[in-house]
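I opened this notebook to record, step by step, what I looked up in the structure. The entries follow the order in which I took up each topic.

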Amino acid sequence: METETRSINHEALSKLISQWRSEGKQVLAPKKNGDKVDFAWVTSLAEVSLDQVQTVQSPKSAVFPRVEELFAFHSRDGQVVINERDLAALPGTVIFGLRPCDAAAFAALAAIFTWDSPDSLFSARLAKTVVVGLSCPRADEYCFCTSVGGGPGAATGSDILLTDLGHGAYLVEIVSAKGRQMVQAAPGLFQPSVVKEKETFLAQVDRAFDLDKIAPALVALFDEPAFWAEQSRRCLGCGACAYGGPTCACFDIQDEGGVSGKRLRCWDSCGFGLFTLHTSGHNPRPLQSQRWRQRLMHKFAYMPERQQVIGCVGCGRCSRACPVDMNILEHLRAIAEAKP
Amino acid sequence: MDALQNKAAELLVAKTVQVVIGYGRGSGGAARAVFIREASKAHSLIFDGTCRQNLAVYLMKPEVRQLGKAALVATPHALRTILQLAAENQVADGGLLVLAVPASGDEIVPLATFAAIEAHGAALDNDMSAAEKAELQKFSAMGLEQRRQFWEEQFSRCLKCYACRAACPLCYCTRCTVECNQPQWIPVPAHDLGNLEWNVMRAMHLAGRCVDCGDCSRACPVGIPLHLLNRKLAGDVFAAFHFRSGMAAKVDNAMSTFKPNDPEDFIR
Amino acid sequence: MSDFNPKIVAFVCNWCTYAGADLTGTSRMKYSPQVSIIRFPCTGRIDFMLLLKAFANGADGIIVSGCHPNDCHYSSGNFHARRRWIIFRGLLDFLGIDVHRVQFSWVSAAEGAKWAQLVNETAEHIRGLGPFTGYQRLRGLGVG
């Protein structure tokens, strides 16, 4: 089925964002901060930065915030009273200007958060989020979307996908019902599309490795401690990779307050030394090499097996953010070529 | 660079050390830590202006310690770090071979004992540069409210990824204060108040110990200028107690000791 | 501002300032009721983070007080505390937190009058500075 297309220009995009804002939606878009570009809440197109290859953090915070309140509690007459979140009161969100890799990541997050126990807060946020993607005219050496089933112009996960045609004009691909609704709500801003073919406006991202080789290679390498020790020796065990990654969903739960307070969910990282520390004192992953191995196994072996989705979209953020250059693409190539 | 590569190979062949911790070329042309265990791999060692990471951080990692005796390619900051670690009884005298590389990169100065490192370090310029002083001055000139707004904006972006902690060689506690949960002294979630408390904690626990290598800021994925907190306190420690970290292998840490006449003009 | 009654938390050592505050009471000296006293064995035990926790929990001002130098019941606890405070004040100021909301003092067990004066003047000073809403509003920020 051919995708419905439109076109829109820069000025109309600016009006579109204003319209979303006037509808009470919050808009999450890339914004410059010093020499870094990161997702932030914006009120106008003027604040948005669209020429970077990728942002520091992913837009996963729209559906999986860095810190979120699960519920509040207090005591009354000796009983604990829970005040659940009013899901209907959650604001509508538009994520604007994210790349196709980021758009594809929501499927991985949804696979985790709706797997065995459906997470109502996550699902409510996702239902209220419209994803307006922007395809990639440029890539860098850290990108590997095409090796994990994605691409610089892939529409999966976006409700609308924009492609910059130059001269302030954008191709608009309407990918989903949500996308169609959004276009229909602003008829004057969208014009019929003239350009149908977008390939010439997209980056060239050659496949770096054969994905089919990765899971079996990981399984074969599982009991090769020297391999993992070698790869992970410079890893410092921080959370920069996990927190920046759009598919990373590990979280911690913390109660704050006393007799009354809030239960909060917040990000966690499998790279932290105490991530798997048991109350008994036993830690099944006491070495950084075991934690590094688990990061790769989770993304490329366990998630495909359990949830039929790859836990990585090839955005390259983890590699760019890592203070010691743990380049996941480099490591995946090594895994694909390893002879255990 | 050849001198460094040859020296490393020589050390490994002679089994003087089991690993040479140095810099290699990584992604995007940047330098990254390498652990050379075979003489045949010594050619990948580099040393130039891109080599800034404080490699002393790896001296505290069990996965690296278990490789055996190490030689460490040391920047001036790493030298100071090693002395500070020595002062805190974390490294043994003679247990590490330091390869000090001056800015030119052609000559390697092997330093096998703390005394040798001290002598070498004393000859270097350890003062804050004029630019660094000016940067801190800028903050004084800002005024209280502007400073408050500045740091509130910065900490609102903190993720609590602890890259700053992980990158710092002096943050080596295996059970960090943030991991104590009876009570949960520093909040786990990365909300604004918790981020402030974490950054205050980090700055205070490094006061009088930090050697101002700047790796905390370089590690921060969201670009918070964390090193300014540490540099400010290092300056205050020097001004109030005339103490500078990382100059000697035997010291009483500034914050673990006192003088009867420490300044107290603010105490009523 | 005169309607504003500041909440002041006082972190004091057991052997000097707490005893001094006792003396204030037994001497029937009146002083501002705005202060809540928390007793420590020694000022050396006062973790700098406690001060921030007090602010986060609603304190508008803080008093930290203990034995005079050389009079510490544990010999040197107050000396260690003094060093800590020197550095901590510098950090607070650098971060834009008003150090004038924290009053440090040495009050001995014999200085009942000094305690009363200290509390009264601190209360008035904090009353003038107003509620510490700038810090307290951090609570809840950054929670989705």
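Entry one, chain C. I note that this is a predicted model, and I began with the overall dimensions of chain C: a compact globule of 144 residues would have a radius of gyration near 15 Å, and chain C has 15 Å, which agrees. Along the principal axes, I found that its C-alpha atoms fill a box of roughly 50 × 35 × 25 Å. I then looked up burial, and buried residues make up 53% of the 144 residues in chain C.

Entry two, the fold of chain C. I found five helices and four strands, and reading along the sequence I wrote down the pattern β-α-β-α-β-α-β-α-α. Of the contacts in chain C between residues at least 6 apart in sequence, 85% join residues at least 24 apart.

Entry three, helix 5 of chain A. Which residues of helix 5 are buried? In this helix, residues 211-221, I found A:L211, A:I214, A:A217, A:L218 and A:L221 buried. Seen down the axis of helix 5 of chain A, these buried residues fall within an arc of 105 degrees, so they line one face of the helix. The face turned away from that buried side carries the exposed residues A:D212 and A:P216. What covers the buried residues includes helix 6 (225-232), helix 8 (288-307) and helix 10 (328-337) of chain A.

Entry four, the core. The largest nonpolar core has 230 residues, and B:I21 is one of those that touch the most other members. Helix 2 (residues 100-113) of chain A gives the most to this core, with nine residues. Leaving aside neighbours within four places in sequence, I found B:I21 in contact with residues including B:A33, B:F35 and B:L55.

Terms used
Residues numbered from 1 in each chain as written. Chains lettered and ligands numbered in written order. Predicted model: local features only at pLDDT ≥ 70, side-chain atom pairs only at ≥ 80, totals over all residues. Buried ≥ 20, exposed ≤ 12 C-beta atoms within 10 Å, placed from the backbone. Arc of directions from axis to C-beta. Contact = placed C-beta atoms within 7 Å. Core = buried A, V, L, I, M, F, W, Y, C linked by C-beta atoms within 7 Å. Rg over C-alpha atoms; globule rule 2.2 N^0.38 Å.
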